[in-house]
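Reader: I would like to know how labels such as "salt bridge" and "buried" are earned. Please set each value against its rule.

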Amino acid sequence: TTVRPSPPPGMPVSRAPLWRGPPPRQAGSRRHPRCAATVLWCVVALSPGTGPAPGLVRSVRLNETAAFVGCVADPAACVEIAAADAGLSGSLPSEVGLLSSLTALRLQRNALTGALPSELGACSSLREVLVHTNAGMGGRLPTELGAMGALSGLLAQSNAHTGALPSELGLASALADLRLSANSLSGSLPSELLRLPGLLRLDLADNALTGTLPTELARLSTLTAL
């Protein structure tokens, strides 16, 4: 069902975009519910000119009491979402792909569920994806991650990801730190990963990988931790 959400308390709204699924629950105070969808809603729900000047607030941060520091009026102005250790639940909505200027997504050590949305691949400026230690976050890693030319760090260890490692990750030419340990990944290690020119750290321990190590591993001179 597609519904139009009500804003969190105290937040203006004008021509808010439609939101797929139930609207964020209001808590009866100025605190926001600890929901991953609400984090993204606060970024994408405001049309330009309805809140702070575009670019004035460029980071959305959530502290341990689930109180937002600020929201942005223009999704293109948001460069950071930092909500580690915030008790967030729910899945990461596909609207994250609207954040064209996002450089850092830090949602580690929460209670997120569901898969990483394929729309992340549209975030061409995104350098850091820190979603590790979310025991309910799983599913296959989207192949669209390979389209993220700026991605330097993907930390998704201690989650519940399944399936094979996408060979398309080898197209993320800036990738230097890839940590996917303690998941349920299967299949063989794609040789494409070992052709990344700047790969420094590769952690795939505690999975169900099979096959032999690709010969490319011996030629990966940049690797400092395996």
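Author: A salt bridge is a side-chain nitrogen of Lys or Arg within 4 Å of a carboxyl oxygen of Asp or Glu. The model is a predicted one, in which local features need pLDDT of at least 70, side-chain atom pairs count only at pLDDT 80 or more, and totals for chains, interfaces and linings use all residues. Residues are numbered from 1 along each chain as its sequence is written, and side-chain values use heavy atoms, with hydrogens and water left out.

Reader: What makes the contact of Arg106 and Glu80 a salt bridge?

Author: The N to O distance between their side chains is 2.4 Å. The rule asks for a nitrogen within 4 Å of a carboxyl oxygen, so the pair is called a salt bridge. Arg106 belongs to strand 6 (residues 104–106) and Glu80 to strand 4 (residues 80–82), so the pair ties together parts that are 26 residues apart in sequence. Strands (E, at least two residues) and helices (H or I, at least four) are DSSP runs, numbered from the N terminus.

Reader: Why is Glu80 called buried?

Author: Buried means under 20% relative accessible area, exposed means over 50%, and partly exposed lies in between (1.4 Å probe, protein chains only). Glu80 has 9%, so the word is buried. Arg106 has 23%, and therefore counts as partly exposed.

Reader: How do you know that Glu128 and Arg106 form a salt bridge?

Author: Their side chains meet at 3.0 Å, N to O, and the limit is 4 Å. Glu128 lies in strand 8 (residues 128–130) and Arg106 in strand 6, so this pair ties together parts 22 residues apart in sequence. Glu128, at 28% relative accessibility, is partly exposed. Glu80, Arg106 and Glu128 are linked in a network of salt bridges.

Reader: What makes Asp85 and Arg109 a salt bridge?

Author: The closest N and O atoms of Asp85 and Arg109 are 2.9 Å apart, which the rule accepts. The pair links distant parts of the chain, with Asp85 in the loop between strand 4 and strand 5 (89–91) and Arg109 in the loop between strand 6 and strand 7 (111–114), 24 residues apart. Asp85 has a relative accessible area of 39% and is partly exposed; Arg109, at 38%, is partly exposed too.

Reader: How many salt bridges are there by this rule?

Author: The count comes to 4. The chain that holds them has 1 helix and 15 strands, and buried residues make up 47% of its 226 residues.
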